[in-house]
Structure formats: structure tokens, C-alpha cells
Amino acid sequence: MINLFEDTIAAISTGVTNAGIGIVRISGDSSIAIADKIFRSKVSLKDARSHMVYYGHIYDNEDIVDEVLVTVFRAPRSYTREDVVEISSHGGSFVLNSILKLVYKNGARPAEPGEFTKRAFLSGRIDLSQAEAVMEIISSDSRRSLDNSQKQLNGILSDTIASIREEILSETAFIEAALDDPEHYDLDDAYNERISSKLQGWLKKLNDLIGTAENGRIIRDGIKTVIAGRPNVGKSSLLNLLAKEERAIVTDVAGTTRDIITEKIRLSDMVLAISDTAGIRESEDKVEAIGVERSLDEIRNAQLVLFVMDITSPLTDEDKSILSDVDISKTIFILNKSDKVADSEAAEDSLPTEYKNNAIIFSAKTGFGVDKLVEKIHDMYYSFDVDNDVDIFITNDRHVHLLKASYQSLSNVDKSIKQGITADFFTIDLMDAYTSLGLILGIEVEDDLVDKIFSEFCMGK
């Protein structure tokens, strides 16, 4: 096997905090030799079998640093396709850093963020889309996000892209061959019909993938949600209830919330990127007025608005004024403080008809209505299924951009066919589509883009 890298890297691959177990990972030609210098056991690591775990101790000269388990992964059967050693020690930050310093002292250098995965990509073990899936797995906030990222890591998207690229290349090669040898290859109407049929298939696959992007962003980032309403109706209490901790100050004084508080909250298997906004009202306080204006901007840009109303009082002019800025189709009306009224249903009946279907009787104090709220949000935003043959959602903005570029290039070919333009003009757009799809996989991708992508990874991965 050809070694792509001359140096050996190391990093702590688990959280640097006090925990039961921590892992120091080493990758490179010298990884086994370096670990063998500081590890003492009945077996020398130079003779260790791949994918086996060995018990022993880490030594700093004659001083024991920690009791450990060491796992050896010999190239190419490792994450990076290099020799890899993982030292599993007790998880205290001091002991982990002590072991890491010994590894550096004996010949390794500090790994850059994402460098282990970067080596896996550069060695051909995974393509760029799979490498990006690794980081999405690490940052997943829900089961659905994790499942989707696992599918991408397993190559479902890669295989689809590679298949389309192979077909595009085949057709391009045929056209070029026909231009060079027209006696044996015909670019006649029959050929146009054949490539047109293939084009429709490629366009449909790309369009299906692009069509999942909006739901893909919801899976990746959560629903951009705003809690809105006039002052002192229980907005901050609702945020604290959903977050299951005190995230906002709750008082009886109107205007307590001056700025926008944003929190990622998991409800069942859904994620809300939720903001508690300042109570919206006319105010001569300049700071509060700025908060109100920011709140209105958040409402206009939100995917979901949880509009909190006080069920103990009728709909006020302030409520109506705020609602003029709200898209009712993306709003759930929270009729809060139901614990203070005897007949909450009567209060609900007093709402305008257009609000009733999305209204929930609620109590941020007791938690009444939370189950209905979760059900309502799920029905509005999380009841979608994957509607394509690939069975995957596109969650990466880079992929969306390149899929759209490829779709546009193939659409240009389709237009050329319909306009009767000769086939020799097809190849430019076909190869543009081919190149765009290749960039998703990291084929002929520029080094600076690769560096940028992996710089956003966590340390030790």
C-alpha cells in the first residue's frame, strides 16, 4: 500500500472532561512503534494482531501513568487506512493529556480538526459526501437526523451520484466517438430519443433529491420557531417548560424580556430552534422598542410561530395588531393560563374561526396541553416521508447547490434536443453536469474547499 502521509498524528478522540473512559487516537506509519514505547504488557505492540485489544499500563520512564486497554488497527483495515492505535484510559482530563503528551514526545504531532477523517477521504476509504456525513452524525440532534446521516455514510447518496455520472460519461463518450467516426456511430433521431429518455430519468432523480432539501434542513437544524405574544402572557414560562429548565426570567413585570433568547429544544423526536421574543407592545423605552422590532422580524422569518395568548382575558387590540404580522398557516395559538379559568373551552369558542383549528388550551404552569402541542407540531412539520428512490434527505447546502447546477446543465441538454441542435453541442453541458456531481463526491475538488470542510470538524475525528 502507498503511504500518502509521512507523519503520524494524535489527538484525544473523546470529550476532554472527567469521565469513565477516554481515548487517545494515533494514526500513521509510526503509530504502533510510538505506542509501544510507552505501553507495557505481556505482548509487544509490534507483534500485536490487528483489531485486538491488549491490557497493560502506560509508563513515563519508570512511572505508571494509567492502567489502559490498547487497540491496534493495522493498515489498510482502519478508519484512515493507516496503522491506527487507540489507547483507552480513565477519562480524566489530566490523565488523557498526560498520555497525549507522551505520544507527542515520542514522535507524533497534534492532529488538526477533522484530520483523521480527512486522511480517510484522501486515502479513498470514503468520499467527500460520506466524510461530511461523519460530522452530521456527531452533531445529530434527533433519531431522524442520525438515521439520515447514517444512510449517507453508508453510501446511499454516493452510489446514486456515481451511477448518474457513469451514465453521463458513457453518453458523452458515445457522442465524441460518433464525431470522430461517423461511419460506425450514428447521431440520428433515434439516438436523440434514446438520450432524451435517459435525460428525463436523470432529471427526475436530481429533482427528487433537490426537493428533499427543505425537509432536510428541518431534520438537520430543527424548525425555526418563535414564541410570540404581548407582554406577560407566559411566553418565557412556555420556553422554560419546553426546555425543562429555567432559560428565561419569569416575572409579573411586563417587558422583562428585552432581547431574543434562542434555544435548541428536543420534543419527542423533533427539534425546535426556538426563540423567546420580547413582548410586543407600544413602548417609550428605547431598549424595549428595539427588542419589539427584532421580535417582529423574527416572527416574519419563522417557520413556526407559537403565539401565546392569555385565556383569562378576551382578544385584545395588541393581540390583533401582532397577528397582522403573523402567517396563520404556520401559527399555533397557545391559550395559556387555563389553570386560572373554570371553563377554558368557552374561551376557545370566543376565538375567531380561522384560529380555532390551530388553537390549544394550555397551562405553562402545570404542563397541560404539551402532548397536544407536540402532536400538532409533528402533524405540521414532521409527518413527511422520503419521496425518492434514494430514500435519503439532502441536508447539506453544498450538495443542494451542486445538484441544482447539475440539474440546470442537464436541462440545457434537454432544451438543445427539443430545439434540434446537433449532438456535438450536448457534450459541454453533459460534462458540466458530470463535474458538478463529481464535486459532491470530492472528485477533482479544490484543496482549499477540502481544508475548509474538515476544519469545521471536531478535534480527534
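## The second largest pocket

The second largest pocket has a volume of about 330 Å³. Its lining comprises 16 residues, and those closest to the pocket centre are E132, M135, E136, N396 and E456. Three elements each give two or more residues to this lining: helix 4 (128-138), helix 5 (143-153) and helix 17 (447-455). By class, the lining residues divide into 4 nonpolar, 6 polar and 6 charged. The model described here is predicted.

## Packing of helix 3 and helix 17

Helix 17, which contributes to the pocket lining, also packs with helix 3 (residues 115-122). The angle between helix 3 and helix 17 is about 140 degrees, and their axes lie 9 Å apart. Angles over 145 degrees count as roughly antiparallel, and helix 3 and helix 17 are therefore classed as oblique to each other. The crossing of helix 3 with helix 17 is right-handed.

On the helix 3 side, the contact is made by T117, K118 and F121, and on the helix 17 side by V450, D451 and F454. This contact of helix 3 with helix 17 contains 3 nonpolar, 1 polar and 2 charged residues.

## Packing of helix 15 and helix 16

A further helix pair is formed by helix 15 (residues 397-418) and helix 16 (residues 426-441), whose axes come within 8 Å. The axes of helix 15 and helix 16 cross at roughly 165 degrees, and the two helices are therefore roughly antiparallel to each other. Their crossing is left-handed.

From helix 15, the contact draws on R398, H399, L402, L403, A405, S406, S409, L410, N412, V413, S416 and I417. These residues meet F426, D429, L430, D432, A433, S436, L437, L439 and I440 in helix 16. The contact residues of helix 15 with helix 16 divide into 12 nonpolar, 6 polar and 3 charged.

## Internal cavities

A search of the whole structure identifies 2 cavities of 30 Å³ or more. The second largest cavity has a volume of about 40 Å³. Its lining consists of K204, K205 and D208 together with N388, D389 and V390. In this lining, 4 residues are charged, 1 is polar and 1 is nonpolar.

## Summary of the contacts and linings

The two helix pairs can be set side by side. Helix 15 and helix 16 are roughly antiparallel with a left-handed crossing, whereas helix 3 and helix 17 are oblique with a right-handed crossing. As for the open and enclosed spaces, the second largest pocket has 6 charged residues in its lining, and the second largest cavity has 4.

Methods. Residues are numbered from 1 along each chain as its sequence is written. This is a predicted model: local features need pLDDT of at least 70, side-chain atom pairs count only at pLDDT 80 or more; totals for chains, interfaces and linings use all residues. Side-chain values use heavy atoms; hydrogens and water are left out. On a 1 Å grid over the protein atoms alone, a cavity is a set of points where a 1.4 Å probe fits but cannot get out, and a pocket is an open set with protein on both sides within 12 Å along at least five of seven lines; lining residues have an atom within 4 Å of a point. Grid points are joined across faces, edges and corners, and a volume is the space filled by probe spheres set on the points. Ala, Val, Leu, Ile, Met, Phe, Trp, Tyr, Cys and Pro count as nonpolar, Asp, Glu, Lys and Arg as charged, and the others, Gly among them, as polar. Axes are lines fitted to C-alpha atoms, for helices over the stretch in contact, and angles run from 0 to 180 degrees between N-to-C directions. Helices (H or I, at least four residues) and strands (E, at least two) are DSSP runs, numbered from the N terminus. Angles under 35 degrees count as roughly parallel, over 145 as roughly antiparallel, 65 to 115 as roughly perpendicular and the rest as oblique. A crossing is left-handed if the near helix is turned anticlockwise from the far one by less than a right angle, and right-handed if clockwise. Contact means heavy atoms within 4.5 Å.
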